[in-house]
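Welcome! Here is a short briefing to read with the structure open beside you. Take your time, and look for each named residue as you go.

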Amino acid sequence: MNLTREEEKMLGGKLGRGIQAAMELLVAIGDAYDAEKMIPVTRAHVASSGQEGDLYFVELLANGGAKCLVPTSTNPVYDIEFFHRLFEIPSDEAEVARRVMEAYKKVGAILSWSCVPYLTENIPLFGETVAFSESSATPYVNSVIGATTNREAAQSALAAGVVGKTPRYGLHMKENRRGTVLIKVEAALRSSFDYTLLGQCVGEQIGFGIPVLTGITKRPNTEDLINFCAMSNTSGAVSMFYIPGFTVEAQTVQEAFQGDVPDDSITVTDAELKRTWERMQTTSGKIDFVMLGCPHYTLKQLGEAAKLLEGRKIHDGVSFWICTSSTTKALAQRIGYVEMIEKAGGSVVVDTCIDEPCWTVYRDRTGMTDSPKCAYYRRFKDVVVAGLEDCVEAVIKGKYE
Ligand code: F3S
């Protein structure tokens, strides 16, 4: 790569060991992708996890004196004291989480502890160059907002956040943002959960690529798009997609493929979505808990859950959890949604997600969720996946039939 004198100084350690380590990583990635140079980023999002995989790099940077140069938000971890009061958390796990959180604070990150920062705490604009990791965040930022990001790891996003730059390769270049697969959607898409299934189905079918979806006639809402992003980029590696007319970068199929529309296509019908749904179920009948908010629930979703639970009681012995961001919970509290959910016997928790060791108590239990990504992490034994209304009915009855 061609580095500027300032970048050479960073790489040589003149600005401290933390910046040097970040630069070493970025240059190695740039070399691997034949990038010619670095380009400035305006913000970053780190898919931190509060676990071992996270700890080494963030401490290396923090203890080496690095500080975030651009706004850099963070993914869920967990509130150690809150969960300690409820469940047993192994002390070594809790110590790792404590150190991770301290290191992100030291490095000057935005301690959002949320996987949907692009809605509230760290919002790119159209055309911004950013470094966003996390399954829903990467495709949302590229496709819905029209900023550019590669499918970053937690470490490469953090490195970009402290250096303020990223190598110019991949989705930062117009020619690489060309659609690769034509998806003809014949399924009806009646709910946000149908977008969840569509994302799961598309990711499974194409693996790696940039799908261009046709046949969608009704404008998808924010939650539809978040669900599609998270699931397609978990069951597959979908960093970007187009729904011409509804996503920002291409108004026509021709434009999305940069003039080269393929002859082949994949058709997704209601029957295909049903088969996708059936493949995810490992059980039915009695459930021990429901877990929603993967990705973190929006205010609208919290409101829907609250209204479905209003005046009802969650079944004895069954737990009901919704994960969200602290900013969203604060608003939901003000509006009264949190009280409605708690009155029914449910809990709204912030800063955490299913992929955290605070949930090990559910290891041998049966869970129900509206998120295939939550099911995929399988920190519990068996799983039922269904839409929000079915999850609420099941948690009232204590079983899914
Ligand atoms: Fe978010 Fe955790 Fe799910 S990061 S998407 S809640 S696995």
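Strand 10 provides three residues of the shell around the ligand, the largest share. Keep in mind that this is a predicted model. Let's begin with the ligand and then move outwards to the domains and a few special spots in the chain.

**Around the ligand**

- The ligand is surrounded by N75, P76, C115, E134, G293, C294, P295, C353, K373 and Y377.
- Two elements each give at least two residues to this shell: strand 10 (289-297) and helix 15 (372-377).
- What is the make-up of the shell in nonpolar, polar and charged residues? Six of its residues are nonpolar, two are polar and two are charged.
- If you look at the space that the ligand takes up, you are looking at the second largest pocket.

**How the domains are arranged**

- The protein chain has three parts to find: domain 1 (5-174), domain 2 (178-278) and domain 3 (281-400).
- Why does the ligand lie between domain 1 and domain 3? It does so because both of these domains give residues to the shell around it.
- Now turn to domain 2 and domain 3, whose C-alpha centres are 26 Å apart.
- Where these two domains meet, 12 residues of domain 2 are in contact with 15 residues of domain 3.
- Together, domain 2 and domain 3 bury about 1100 Å² between them, and 66% of that area is on carbon and sulfur atoms.
- On the domain 2 side, the residues that lose the most area to domain 3 are F193, E223 and W277, which together make up 43% of what that side buries.

**Backbone details to spot**

- Most peptide bonds are trans, and most residues other than glycine have a negative phi.
- The bond between C294 and P295 is a cis peptide bond, with omega at about 0 degrees.
- P295 is part of strand 10, and both C294 and P295 are among the residues around the ligand.
- W113 has a positive phi, near 45 degrees, although this residue is not a glycine.
- You can find W113 in the loop between helix 5 (91-106) and strand 4 (130-132).

**A closer look at R379**

- Where does R379 sit? Look in the loop between helix 15 and strand 14 (382-385).
- R379 and E356 are 23 residues apart along the chain, and their C-alpha atoms are separated by 8.6 Å.
- Leaving out residues up to four places away in sequence, R379 touches Q51, I354, D355, E356, P357, W359, T360, Y362 and R363.

How values were computed: Residues are numbered from 1 along each chain as its sequence is written. This is a predicted model: local features need pLDDT of at least 70, side-chain atom pairs count only at pLDDT 80 or more; totals for chains, interfaces and linings use all residues. Side-chain values use heavy atoms; hydrogens and water are left out. A residue is near a molecule or strand if one of its heavy atoms lies within 4 Å of it. On a 1 Å grid over the protein atoms alone, a cavity is a set of points where a 1.4 Å probe fits but cannot get out, and a pocket is an open set with protein on both sides within 12 Å along at least five of seven lines; lining residues have an atom within 4 Å of a point. A molecule sits in a cavity or pocket if more than half of its atoms lie within 2 Å of its grid points. Helices (H or I, at least four residues) and strands (E, at least two) are DSSP runs, numbered from the N terminus. Ala, Val, Leu, Ile, Met, Phe, Trp, Tyr, Cys and Pro count as nonpolar, Asp, Glu, Lys and Arg as charged, and the others, Gly among them, as polar. Domain bounds come from an automatic or database domain assignment. Contact means heavy atoms within 4.5 Å. Buried area is the accessible area (1.4 Å probe) that two parts lose on being put together, summed over both.
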